[in-house]
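I opened this notebook to keep track of what I looked up, entry by entry, for a reader who is new to the structure. Each entry takes one topic and stays with it.

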Amino acid sequence: MKKIYCLLLLVMLVACQKKNKHQEVNELFKADITLLIQKVAKLKYSVQSDSTEAQIQRQFLEAHQSYKKVEMISEYYSPTVSKAINGPAISEFEENDKITVPPEGFQVIEELVFPKYNATSKKELVQELGVLTANLTRLEKVSSTNELTDAHVFDAMRLQVYRIITLGITGFDSPVVFNSIPEALVSLETIEKYYRVFVENKKVSNAKEVLDIFEKGKKYLKSNTDFNTFDRAHFIREIANPLSRGLYKTQIELGIPFMTESRGLKPTAQTIFDKDAFDAEAFSGFPDYKTTPEKIALGKKLFNDPILSGNNTRSCASCHHEEKAFTDGLERAISLDGKSMLQRNTPTLANIAFQRVFFSDSRVGYLEDQAVAVIKNENEMHGSLEKSAIAIQKNPNYVKEFKKAFSKGEINEFEIKNALGSYIRSLSHYDSKFDRYMQNKEAFTADEKAGFNLFAGKAKCATCHFIPLTNGTVPPNFDRSESEVLGVPNKNKTLDGDLGKFVLTQAAIHKFSFKTPTIRNIELTAPYMHNGVYKTLEEVVDFYNEGGGIGLGFDLPNQTLPEDKLNLTEKEKKQLIDFMKTLTDERYLRSKK
């Protein structure tokens with residue numbers, strides 16, 4: 001009887017341990033918050049007591065690296081608080097309240113401490129540290145009620161791997177001091193710490209393999225600390241991707257379920273570079289908009305039919321040519337009258353579904369509404385979906401196809417725009433050399449690899465054109481798309497007069513602000529920028545190399561693009577372009593042959 005009792009007690013203890021792994025993680029997380037608060041307090045004391053510049057800078061770096069210990073769980077459960085703690089040092093416009101909110105947190109403090117600390121900014125720095133402390137206290141409070149589960153922890157671990165790839169090693173949140181590589185090390189160590197909680201005293205077949213990857217990753221990060229020369233391609237292919245796959249396999253073996261909600265980046269993706277890692281349906285936002293083969297076929301037919309225009313002379317395909325990745329090759333599109341030009345360059349429709357807003361000024365939030373806005377615009381198609389629906393109803397073939405695509409078989413505005421949206425969504429599938437390289441299916445040339453490392457490093461491209469989408473949809477949650485103020489010139493080499501997003505919001509920070517577009521298939525989509533001012537990629541690279549509009553001498557106080565010159569050599573510029581050409585999807589390469 002005693003043996004049976006002991007056996008039952010052991011079984012209960014094991015079950016309890018299995019049940020409470022996430023609680024152990026939560027305790028580690030809370031302890032790290034306490035440590036972070038202490039680090040910030042120490043930094044604040046040093047500033048108040050007029051410590052040396054070197055000491056203040058060192059303590060800032062220690063505090064920010066300490067944040068990396070809490071980032072994984074903090075970003076997962078408290079994204080709003082996390083943004084206040086470590087968001088970009090750029091003001092934001094609150095559209096609901098119509099107010100501009102100044103930035104706060106580590107990145108604002110970084111700009112006050114680096115590259116040189118000036119004691120005249122002491123008062124402002126102490127104030128910002130006070131705000132940061134308040135936000136950390138807020139994080140500590142909200143975290144006390146976190147209801148972690150094993151599934152959430154594993155989901156957060158893989159998302160943190162993706163965060164290291166997309167925001168960490170690219171320098172996104174260390175824009176001045178470029179301490180990204182040491183911080184990536186802390187992030188990796190934190191994931192390992194949580195992973196060990198789950199595999200300790202467990203027979204997990206790939207646990208040793210995963211732990212070996214952690215060791216390999218830590219060793220690599222410790223041995224390669226220079227931001228500009230860090231080999232991101234190697235790190236992603238040989239360490240980060242194998243790690244996220246290993247976490248995925250361990251989760252399955254432990255019987256821990258995956259998240260089931262619809263997300264832009266699928267919760268079941270083994271790496272962020274999987275062939276079908278992204279779900280175009282999840283970006284649409286409405287279950288009724290679900291894409292089907294029948295809707296795609298119907299949408300393609302409507303896309304190429306001038307019946308949607310007011311005078312039956314223009315279709316969507318008139319300005320979106322498939323062989324040019326659905327652009328038109330013009331500086332700006334030709335107006336419906338055939339004489340004047342539209343205000344802006346025709347954007348690509350390829351992979352357009354993987355974003356949260358549409359048009360250069362971000363005025364539309366859903367793909368279907370984007371199609372409607374073009375059709376109704378008097379200078380583009382000057383059509384009416386109501387009138388088009390009446391005309392379509394008279395076509396027996398269309399009547400049959402609408403019955404196939406929609407259960408009710410109705411022909412109205414919703415069905416038309418949903419069919420068009422479904423077709424355009426079907427154009428969002430990645431199949432480029434870059435994707436195959438990241439999937440270990442194809443090799444890069446030495447220059448292509450160097451170009452990627454420049455793109456995600458020294459050239460700072462990936463801090464706005466986030467990998468792997470290369471648009472402004474922010475990883476790893478991909479729940480918002482950003483706009484930037486670049487200072488694009490016009491033909492006369494003065495600041496282009498298009499005010500962009502400002503026309504909609506009337507917020508001063510949005511003057512000359514435009515949505516960050518994808519650069520997938522960029523070799524096919526010239527000319528470039530919202531006004532088509534640049535004919536070649538070489539011109540585009542030169543613009544960024546000079547520091548955007550400010551670098552060209554424009555008075556642009558709200559420019560969000562870093563104004564410092566990139567100092568790219570001619571060889572580096574060529575390598576950067578060589579990489580960008582690997583972003584061309586195979587289907588467009590085939591159409592060129």
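**Entry 1: unusual peptide bonds**

I began with Pro115, which is found in the loop between helix H5 (106–113) and helix H6 (122–143). I was working throughout on a predicted model. Phe114 and Pro115 are joined by a cis peptide bond, and its omega is about -5°. I noted this because most peptide bonds are trans. I then turned to the bond from Pro475 to Pro476, which is cis as well, with omega near -5°. Pro476 belongs to the loop between H18 and E3, where H18 is the helix that covers 446–455 and E3 the strand that covers 483–485.

**Entry 2: positive phi values**

Next I looked at backbone phi, bearing in mind that most residues other than glycine have a negative phi. Ala325 has a positive phi, near 55°, and I found this residue in the loop between H12 and H13. Is Ala325 buried or exposed? Its relative accessibility is 0%, so Ala325 counts as buried.

Ser362 also has a positive phi, near 60°, and Ser362 too is found in the loop between H12 and H13. With a relative accessibility of 13%, which is under the 20% limit that I used for burial, Ser362 counts as buried.

**Entry 3: Val357**

I stayed with that loop for Val357, which lies between helix H12 (293–303) and helix H13 (367–376). The relative accessible area of Val357 is 17%, so this residue is buried under the 20% cut-off. Which residues does Val357 touch, once its neighbours within four places in sequence are left aside? I found Val357 in contact with Ser362, Val364, Gly365, Ser481 and Lys515, and Ser362 is the residue whose positive phi I had noted above. I also checked Val357 against Glu331: the two are 26 residues apart in sequence, and their C-alpha atoms are 22 Å apart in space.

**Entry 4: the nonpolar core and Phe452**

I then asked which residues have the most contacts inside the largest nonpolar core. They are Leu302, Leu308 and Phe452, in a core of 152 residues. I followed Phe452 further and, leaving aside its neighbours within four places in sequence, listed its contacts as Arg232, Ala233, Ile236, Phe434, Met438, Phe444, Ile467 and Phe579. Phe452 is also part of one aromatic cluster, together with Phe273, Phe434, Tyr437, Phe444, Phe455 and Phe579.

**Entry 5: aromatic pairs**

How many aromatic pairs are there? I arrived at a count of 30. I looked closely at Phe172 and Phe466, an edge-to-face pair with 5.6 Å from centre to centre and 70° between the planes. Phe172 lies in the loop between helix H7 (150–168) and helix H8 (180–199), whereas Phe466 lies in the loop between H18 and E3, so the pair ties together parts that are 294 residues apart in sequence. Phe172 and Phe466 are both buried.

For Phe402 and Phe406, the ring centres are 6.2 Å apart and the planes stand at 25°, so I recorded this pair as stacked. Phe402 counts as buried at 0% relative accessibility, and Phe406 counts as buried at 7%.

**Entry 6: charges over rings**

I looked up two arginines that sit over rings. The charged end of Arg237 is over the ring of Tyr437, at 4.0 Å from its centre, and Tyr437 is a member of the aromatic cluster in Entry 4. Arg363 lies over the face of Phe359, 3.8 Å from the ring centre.

**Entry 7: cavities and a pocket**

My search of the whole structure gave six cavities of 30 Å³ or more. The largest cavity has a volume of about 110 Å³, and among its 15 lining residues Asp274, Lys275, Ala277, Phe278 and Tyr430 lie nearest its centre.

I closed with the second largest pocket, whose volume is about 510 Å³. Its lining has 25 residues, and those nearest its centre are Glu75, Pro79, Pro475, Asn477 and Arg480. Helix H3 (53–77), helix H4 (79–86) and H7 each give two or more residues to this lining. Which element gives the most to the lining? I found that H4 does, with five residues. Pro475, from the lining of this pocket, is also the residue that begins the cis bond to Pro476 in Entry 1.

Technical notes. Residues are numbered from 1 along each chain as its sequence is written. This is a predicted model: local features need pLDDT of at least 70, side-chain atom pairs count only at pLDDT 80 or more; totals for chains, interfaces and linings use all residues. Side-chain values use heavy atoms; hydrogens and water are left out. A nonpolar core is a set of buried Ala, Val, Leu, Ile, Met, Phe, Trp, Tyr and Cys residues joined through side-chain atoms within 4.5 Å. Buried means under 20% relative accessible area, exposed over 50%, partly exposed in between (1.4 Å probe, protein chains only). Contact means heavy atoms within 4.5 Å. Rings of Phe, Tyr and Trp (its six-membered ring) pair if their centres lie within 6.5 Å; planes under 30 degrees apart count as stacked, over 60 as edge-to-face and the rest as tilted. Helices (H or I, at least four residues) and strands (E, at least two) are DSSP runs, numbered from the N terminus. A charge sits over a ring if NZ of Lys or CZ of Arg is within 6 Å of the ring centre and within 35 degrees of the ring normal. On a 1 Å grid over the protein atoms alone, a cavity is a set of points where a 1.4 Å probe fits but cannot get out, and a pocket is an open set with protein on both sides within 12 Å along at least five of seven lines; lining residues have an atom within 4 Å of a point. Grid points are joined across faces, edges and corners, and a volume is the space filled by probe spheres set on the points.
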